[in-house]
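These are my notebook entries on a single protein chain. I looked up confidence, aromatic and charge contacts, burial and backbone geometry, in the order in which the questions arose.

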Amino acid sequence: MTNRLGPPPAFRARAMLDLAARLALRAAGNVEPNPLVGCVLTRTGGDEAIIGLGHHRVFGGLHAEREALADCRTRGIDPRGCTAYVTLEPCNAQGKQPACVDALLEAGAARVVYATRDPNPPKAGGADRLRARGLEVYFAPDLGARSALAESLIEPFAKRLATGLPWVIVKWAQTIDGRIATRTGESKWISGPMARRRVHRLRGRVDAVLTGMGTILADDPLLTARDVRRVRRVARRVVLDTELSIPLDCAIVRSARETPATVFCDPSIARAEITAQKRWALGEAGVEVLGITPTRSHLDLTVALRTLAEKHGVSTVLVEAGSGLMGAMFEQDLVDEAVVYVAPLVLGDEAARSVATGRVASTLSMGRAMRLLWSKRVGPDVELVYRRAR
């Protein structure tokens with residue numbers, strides 16, 4: 001390049017990365033275990049008009065940069081000299097698809113702005129390679145153009161790389177005063193029908209839905225995605241059941257031939273002679289029974305999550321459970337994301353059931369800090385999405 005372009009204005013870079021992130025979110029449930037990635041191409045100089053949009057649509061399919069370049073050409077526009085705004089540093093090595101760095105070089109892009117660095121060592125280094133070939137490359141935080149939404153996209157992928165554990169989303173509906181059920185256990189329905197439809201859509205985008213025996217006995221849930229336009233993933237239903245007391249006639253067992261189900265129990269129960277008949281009956285119904293080590297008060301949740309990842313390739317888990325299991329998830333610091341529906345209702349009853357129990361937190365600093373990612377009105381309710389604090 002003979003004429004240096006310089007960095008784009010921070011407000012514009014942030015707006016383009018926000019748009020790229022919204023594009024990427026369209027593929028939630030289709031691309032995992034790959035990360036969600038979006039790309040926006042603009043003219044460089046002049047009106048900086050958008051000339052191409054793309055996102056990684058499906059696992060194994062074209063990456064976001066190649067999708068955006070194809071869109072640009074479909075519009076009859078030559079991408080040469082363009083600026084690419086990408087939520088993730090362009091990959092620098094062949095995988096299921098060729099390296100995105102090669103696509104940008106071949107297209108003659110002039111400038112690249114990216115929101116997050118690639119945490120995957122075999123694919124990293126794309127920014128440096130592009131700079132070495134003469135492109136202007138900018139890391140958005142260095143421009144004062146951080147996009148919280150774009151940065152959030154890489155978190156599930158980065159966690160799986162670092163820990164081998166799936167991304168854990170907890171979901172609950174609560175009253176304004178933070179109660180998920182009355183003192184007698186009534187909880188249907190705190191949230192409205194629009195919120196419940198969104199929960200079903202979420203179930204259709206994760207690999208597993210996890211619950212405890214308290215929820216099975218109280219509600220007998222099916223935990224499948226229903227009345228959803230397109231189920232992107234058929235989630236494995238997972239029940240934590242220390243004593244293997246799950247009823248053979250409950251909804252999850254009855255439907256296990258159609259939708260996979262796993263029950264985790266104490267390993268001694270999983271091999272005891274006294275439970276042999278129960279284990280046989282569950283197996284005949286299509287239920288997988290696995291023994292995992294218990295902790296002081298619960299089955300070891302980390303072991304359960306790791307087992308799901310290693311045995312079934314689970315990358316995302318949705319937890320729909322009562323306050324005891326929810327408290328254990330927070331106590332063991334396993335919650336990555338919380339999807340909360342707040343209904344316009346106040347119970348004002350100190351005996352009504354709270355979101356999470358079983359922890360001892362005598363000071364505010366002992367709480368689990370979360371950060372608000374976004375909020376949305378859903379019918380009469382409010383949807384709040386939190387992530388663990390960085």
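**Charges over rings**

I began with the arginine side chains and found Arg-196 over the face of Trp-189, at 4.4 Å from the ring centre. I then looked up the backbone at Trp-189: the peptide bond joining Lys-188 to Trp-189 is cis, with omega about -10°. Trp-189 itself belongs to the loop between β7 (179-181) and α7 (193-203). A further entry of this kind concerns Arg-117, whose charged end sits over the ring of Phe-139, 3.8 Å from its centre.

**Confidence**

I note that this is a predicted model. The pLDDT of the protein averages 92, and 99% of the residues score at least 70. I asked where confidence is lowest and where it is highest. The lowest mean, 86, falls in strand β14 (residues 353-354), and the highest, 98, in strand β12 (residues 316-319).

**Aromatic pairs**

I searched for paired rings and recorded two aromatic pairs in the structure. One of them is formed by Trp-172 and Phe-330; the geometry is edge-to-face, with 6.4 Å centre to centre and 70° between the planes. I assign it to that class because planes over 60 degrees apart count as edge-to-face. I next looked up where the partners lie in the chain: Trp-172 is in strand β6 (residues 167-174) and Phe-330 in helix α13 (residues 323-331), so that the pair links distant parts of the chain, 158 residues apart. I recorded both Trp-172 and Phe-330 as buried.

**Helix α6**

I listed the buried residues of helix α6 (residues 155-163) and obtained Glu-155, Pro-156, Phe-157, Lys-159 and Arg-160. What covers the buried residues of α6? I found that the cover includes α5 (148-153), β6, β12, β15 (370-378) and β16 (381-388). After α6 comes Gly-164, for which I read a positive phi, near 80°.

**Arg-12**

I located Arg-12 in helix α1 (residues 10-25). Is Arg-12 buried or exposed? Arg-12 has 19% relative accessibility and therefore counts as buried, since the cut-off for buried is under 20%. I then set aside neighbours within four places in sequence and listed the contacts of Arg-12: Thr-42, Asp-47, Glu-48, Ala-49 and Tyr-85.

**Cis proline**

I checked omega at Pro-33 and found the peptide bond from Glu-32 to Pro-33 to be cis, with omega near 15°. Pro-33 is placed in the loop between α1 and β1 (38-42).

**Positive phi outside glycine**

I looked up Leu-244, which is not a glycine yet has a positive phi of about 55°. Leu-244 is in the loop between β9 (236-240) and α9 (251-254). I count Leu-244 as buried because its relative accessibility is 4%.

I made a parallel entry for Asp-333, also a residue other than glycine, with a positive phi near 55°. Asp-333 occupies the loop between α13 and β13 (337-342). Its relative accessible area is 37%, so I entered Asp-333 as partly exposed.

Conventions: Residues are numbered from 1 along each chain as its sequence is written. Side-chain values use heavy atoms; hydrogens and water are left out. pLDDT is the predictor's confidence in each residue, from 0 to 100. Helices (H or I, at least four residues) and strands (E, at least two) are DSSP runs, numbered from the N terminus. Rings of Phe, Tyr and Trp (its six-membered ring) pair if their centres lie within 6.5 Å; planes under 30 degrees apart count as stacked, over 60 as edge-to-face and the rest as tilted. Buried means under 20% relative accessible area, exposed over 50%, partly exposed in between (1.4 Å probe, protein chains only). A charge sits over a ring if NZ of Lys or CZ of Arg is within 6 Å of the ring centre and within 35 degrees of the ring normal. Contact means heavy atoms within 4.5 Å.
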